[in-house]
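Some labels in a structure need a reason behind them. Here is a request to explain a few.

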Amino acid sequence: MDELGTSSGKRRLPVNNPRLPKRPRGPINLLDSCNETLIESLIAEDSSGSEVDDIGNNFIPEISDHDTGTDTDISDNEATIQPQTQAGTISESSSEDDDVPLSRLGYYRGKNKYKWSKTPANRSSVRTPQHNIILRVPTSNLTENDGKEPYDLWKQYIDDDMLLEIITRTNSKLLEYISRFTNKDRPELQNVDMDELLAFIGLLMYSAVFKSNHEHADFIFATDGTGREVFRCVMSKNRFLCLLHCLRFDNAVDRAQRKETDKLAAISYIFNRFVSNCQRVYNISQYATVDEMLVPFRGRFFLMIYMPNKPAKYGLKLMCLCHAENGYFYNCYIYCGKGSDGESLTDEEKKFMVPTQAVLHLTQPLHGSNKNITCDNWFTSIQLIDALKQRGLTCVGTVKKNKREIPPEFLPAKTRQEG
């Protein structure tokens, strides 16, 4: 074989050509005139096997989504922005990325081809990004004329309209209950007024203070010195039990009709009014958190939830949005079965995953405020972050490692150090 071929298709002279002098083992002296012929041969060999010739004419550089500064849709699995070829058309598929070495790609890819840029975000700019400018600052909406005493603040959340609704519905139940007795003039069966209702609510609060929620009424109203004297000073035991039995929050006449669309028809008005008052009184800061809460309850109720990881294990499940700094109760809804998470959402939003629907449901009062939502790994997903971004919110949270958007390079491995 007299000639050797190269990767570029060019021919080079064989190394054992007798016309060329043998290469010395030591370094080459460029000032020595005897080595001019050897240097020329080396230059001829290097030019024939250069990297430029080996690449070819069909190489197209990869352009990452981060470099172009464009936002892609997650539902399209982050389609790659592709450059134009010499013919002026866009022609590149995700299958061609598999042939490109990982070191040349400007991004990491998850199992579902979702792309994560290798280039960090440019934070050298002194201007605050627009999505970090909070449009509603944390402040109290109370005026100077509003009282600052505990009872005045309590009335901001439990207003007179709510109390009048409770009085009206409770008296309706008392009128039905009194028909069972022969003596209708008994004092414990009379209608309730505003002062007595406030006193009854105060006793319920005292029972929580004294840890007497599950204590028998005979022990609380005992007269032998073991009972709670404040209870006997406010009302009798029979009146207390009668109000506790007849306390109502809605109209029982049309309740069955309303239950067809609202499973919580018995308390919906009072509960929703309380939540709206919480949002009216105070504006939370730029940080909010979303999580679930179990209200302990052991009675007979069709909405009972069993959560073994909670201390109480049984009760009512509440999905809450609170102020991340001081825990202020801002928004909430009661979980009442399948479909309740997306109750107030549009038909398009109801196609999202259930955790995403829950966060969108709770954050509706904050849309467009550029506030940040913190949640745990049950809520966090790429779908949620994209949906919140479109609604003027940001998100921070942990994520499960089995998500299909997570690249293998992000997962912990014994052969790679942390960080």
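The turns below set values against definitions.

This is a predicted model, where local features need pLDDT of at least 70, side-chain atom pairs count only at pLDDT 80 or more, and totals for chains, interfaces and linings use all residues. Residues are numbered from 1 along each chain as its sequence is written, and side-chain values use heavy atoms, with hydrogens and water left out.

Q: Why is L241 called partly exposed?
A: Its relative accessibility is 37%. Buried means under 20% relative accessible area, exposed over 50%, and partly exposed in between (1.4 Å probe, protein chains only). So L241 counts as partly exposed.

Q: Why is K113 called partly exposed?
A: K113 has a relative accessible area of 36%. That value lies between the two cut-offs, so K113 is partly exposed.

Q: What makes the phi of K113 notable?
A: Most residues other than glycine have a negative phi. K113 is not a glycine, yet has a positive phi of about 70°.

Q: Why is K313 called partly exposed?
A: K313 has 33% relative accessibility. This too falls between the cut-offs, so K313 counts as partly exposed.

Q: What is the phi of K313?
A: K313 has a positive phi of about 75°, although it is not a glycine.

Q: How do you know which residues of the second largest pocket's lining are nonpolar?
A: Ala, Val, Leu, Ile, Met, Phe, Trp, Tyr, Cys and Pro count as nonpolar, Asp, Glu, Lys and Arg as charged, and the others, Gly among them, as polar. By these classes, the lining has 30 nonpolar, four polar and five charged residues.
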